[in-house]
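Visitor: I am new to this structure and would like a close look at one part of it, the aromatic rings and the core around them. Please take me through that part slowly, and then place it in the rest of the chain.

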Amino acid sequence: MRSPKDFFAPLALGAPAPVREIPVTPSRMIHFFDPGNEKMAAKVPDLAKKVDVLLGNLEDAVRADRKEAARAGLVAIAKANDFGKTQLWTRVNSLDSPWVLDDLITLVTEIGDKLDVIMVPKVEGAQDIHYVDRLLAQLEARAGLTKPLLVHAILETASGVANVEEIAGASPRMQGISLGPADLAASRRMKTTRVGGGHPGYLVRTDPVGDDLTAGRTTYQQDLWHYTVARMVDACAMHGILPYYGPFGDIRDVVACEDQFRNAFLLGCVGAWSLHPVQIGIAKKVFSPSPSDVAWARRVIAEMGDGTGAVMIDGKMQDDASVKQCRVVAELADALAADDPELAAAYDAATKEALG
Ligand SMILES: CCC(=O)SCCNC(=O)CCNC(=O)[C@H](O)C(C)(C)COP(=O)(O)OP(=O)(O)OC[C@H]1O[C@@H](n2cnc3c(N)ncnc32)[C@H](O)[C@@H]1OP(=O)(O)O
Ligand SMILES: O=CC(=O)O
Ligand SMILES: [Mg+2]
């Protein structure tokens, strides 16, 4: 392990200095596309106006015989477009694959100045991040980059979950972590066959009434991902990086997708992956606080004055801790509204009504 004194030192001569704070820019949806798929690639310039993050995916969901095409496609797209404030990320192949070395060398060399974040799949522990960290520093130095690339880990192996705290703190490049429920389920030998979401068999049942064990017993489906998301959120918060829910594979079930995203939002995640254009609006809605929550948060902040003491608002006690929660919501709303006049107007209208 590196000495804390060296934590922010560049890992190669000529590499840019690591960032001291992870930039907190909107990343409500990380929109996945296959850069080697012409139909998807054609939609990218238009999608860039609707999403916070565009991610050129090179890993799973790209066929083995299309890996080079995907990599070349991403290089071409990045060179041909200026996405403005929309971030451009990539997901490279896993560190044990035959493609990842060329992914990293090509992307950093060719479009390192256009990429914001490199998502690394199947991270097992800090050693994986250390490997990528040093290699990126060497490549950045060779490419003459002035801004360091950030790294995002997918939490999708049992050992990754066991080591999530050390992964989150492994490098100043660590931007965030996403839950990868599909690979994680396989790694844990869970008996699900889905990409995220719940399962009707994972439930609790109310107690029996009398001797009849079958009648009148309501069941409640439980969240398979609660434990992992909560652990991931704590690890990220501890290290000042950002947590995300990953994929929801039932594209048709927009209702359950919204529920899964909202569970993650309420637990502290800042965004989720959109795999299909239909999921973009869902993520935008869920990961932007609602106007009524923002109005309430602003009202509590206003009525709490310097933020200490206790007051009663609409029958509810507010004190230092509740005003801190309200600041989280209000600050997120301000950051999102700064680039979105429609959202800003909705927040201001609701606040006006709440404050009278
Ligand atoms: C499970 C663990 C993981 O690793 S999840 C992350 C990896 N998976 C992915 O990245 C999947 C990305 N999404 C997809 O490949 C497609 O959306 C899938 C799910 C296959 C559905 O595609 P398809 O059957 O074409 O859907 P559709 O007919 O409803 O599409 C309508 C038009 O939209 C396009 N489209 C689809 N998905 C995207 C996307 N992610 N980004 C941009 N465009 C997309 C389709 O190409 C289709 O275009 P057109 O109308 O035919 O011109
Ligand atoms: O890569 C994501 C997953 O769920 O696996
Ligand atoms: Mg995966």
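Guide: What follows starts with the core and its rings and then turns to the metal site, the domains and two loop residues.

This is a predicted model, in which local features need pLDDT of at least 70 and side-chain atom pairs count only at pLDDT 80 or more, while totals for chains, interfaces and linings use all residues. Residues are numbered from 1 along each chain as its sequence is written, chains are lettered from A and ligands numbered from 1 in the order in which they are written, and side-chain values use heavy atoms, with hydrogens and water left out.

The largest nonpolar core (a set of buried Ala, Val, Leu, Ile, Met, Phe, Trp, Tyr and Cys residues joined through side-chain atoms within 4.5 Å) has 81 residues, and Ile-30, Leu-54, Ile-177 and Phe-261 have the most contacts inside it. Helix α4, residues 126-143, gives the most to this core, with six residues; helices (H or I, at least four residues) and strands (E, at least two) are DSSP runs numbered from the N terminus. Leaving aside residues up to four places away in sequence, Phe-261 touches, among others, Tyr-245, Phe-248, Trp-273, Ile-282 and Phe-287, where contact means heavy atoms within 4.5 Å.

A search of the whole structure finds six aromatic pairs. Rings of Phe, Tyr and Trp (its six-membered ring) pair if their centres lie within 6.5 Å, and planes under 30 degrees apart count as stacked, over 60 as edge-to-face and the rest as tilted. One of the pairs is Trp-89 with Tyr-244, which is edge-to-face at 6.1 Å centre to centre, with 80° between the planes. Because Trp-89 lies in strand β3 (residues 87-91) and Tyr-244 in strand β9 (residues 242-244), this pair ties together parts that are 155 residues apart in sequence. Trp-89 is buried at 0% relative accessibility, and Tyr-244 is buried with a relative accessible area of 0%; buried means under 20% relative accessible area, exposed over 50% and partly exposed in between (1.4 Å probe, protein chains only).

Another edge-to-face pair joins Phe-265 and Phe-287, at 5.8 Å centre to centre and 90° between the planes. It links distant parts of the chain, with Phe-265 in helix α9 (residues 254-267) and Phe-287 in helix α10 (residues 278-287), 22 residues apart. Phe-287 is buried, with a relative accessible area of 1%, and ring pairs link Tyr-245, Phe-261, Phe-265 and Phe-287 into a cluster.

Turning to the metal site, the protein donors of the magnesium ion (ligand 3) are Glu-156 (OE) and Asp-183 (OD), lying 2.1 Å from it. Donors are N, O and S atoms within 2.8 Å of the metal (3.2 Å for Na, K and Ca), and water is not among the atoms, so sites may look incomplete. Glu-156 is buried at 3% relative accessibility, whereas Asp-183 is partly exposed at 24%.

As for the wider chain, an automatic or database domain assignment divides it into domain 1 (29-287) and domain 2 (291-355). Their C-alpha centres lie 30 Å apart, and four residues of domain 1 are in contact with four residues of domain 2.

Finally, Ala-61 has a positive phi, near 90°, and is found in the loop between β2 (53-57) and α2 (67-80). Arg-189, with phi near 60°, has its place in the loop between α7 and β7 (203-205). Most residues other than glycine have a negative phi.
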